[in-house]
Amino acid sequence: MKFFDPDHPFLRPLWRRIVIVVATLAWAGVEFMNGAIGWGFVFLAAALYCGLHFFVVSRPKQDDTGGPDE
């Protein structure tokens, strides 16, 4: 069982993957600004992990339902 599945249909749109990474980075910034260094590193690690898996390691599979071109 994976920690999370980057190939899940919910994560296919690029904008959702970008929002997830930006939101976790922003929350890491909030935690660092409030002095919660431990939580800041947790959210920073989560953002790096998501970014790595969303944009480097795996690519979302293309939808084979057919489109207007076919």
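**Aromatic contacts in a predicted model**

At 27% relative accessibility, Phe55 counts as partly exposed, whereas Phe54 is buried, its relative accessible area being 3%, a value that falls under the 20% limit for burial. The model described here is predicted, and its aromatic side chains offer a way through it.

The structure contains four aromatic pairs in total. One of them joins Trp27 and Phe43, whose ring centres are 6.5 Å apart and whose planes stand at 70°, so this pair is edge-to-face; the assignment follows because planes over 60 degrees apart are counted in that way. Trp27 belongs to helix H1 (residues 14-33) while Phe43 belongs to helix H2 (residues 37-57), and the pair therefore ties together parts that are 16 residues apart in sequence. Both rings of this contact have some accessibility: Trp27 is partly exposed, with a relative accessible area of 42%, and Phe43 is also partly exposed, at 26% relative accessibility.

Phe54 and Phe55, with which this account opened, likewise form an aromatic pair that is edge-to-face, with 6.3 Å from centre to centre and 85° between the planes. In this pair a buried residue, Phe54, meets a partly exposed one, Phe55.

The contact between Trp27 and Phe43 also has a wider setting, since these two residues form one aromatic cluster together with Trp39. A further kind of contact involves a charged side chain and a ring: Arg16 lies over the face of Phe10, at 4.3 Å from the ring centre.

Conventions: Residues are numbered from 1 along each chain as its sequence is written. This is a predicted model: local features need pLDDT of at least 70, side-chain atom pairs count only at pLDDT 80 or more; totals for chains, interfaces and linings use all residues. Side-chain values use heavy atoms; hydrogens and water are left out. Rings of Phe, Tyr and Trp (its six-membered ring) pair if their centres lie within 6.5 Å; planes under 30 degrees apart count as stacked, over 60 as edge-to-face and the rest as tilted. Helices (H or I, at least four residues) and strands (E, at least two) are DSSP runs, numbered from the N terminus. Buried means under 20% relative accessible area, exposed over 50%, partly exposed in between (1.4 Å probe, protein chains only). A charge sits over a ring if NZ of Lys or CZ of Arg is within 6 Å of the ring centre and within 35 degrees of the ring normal.
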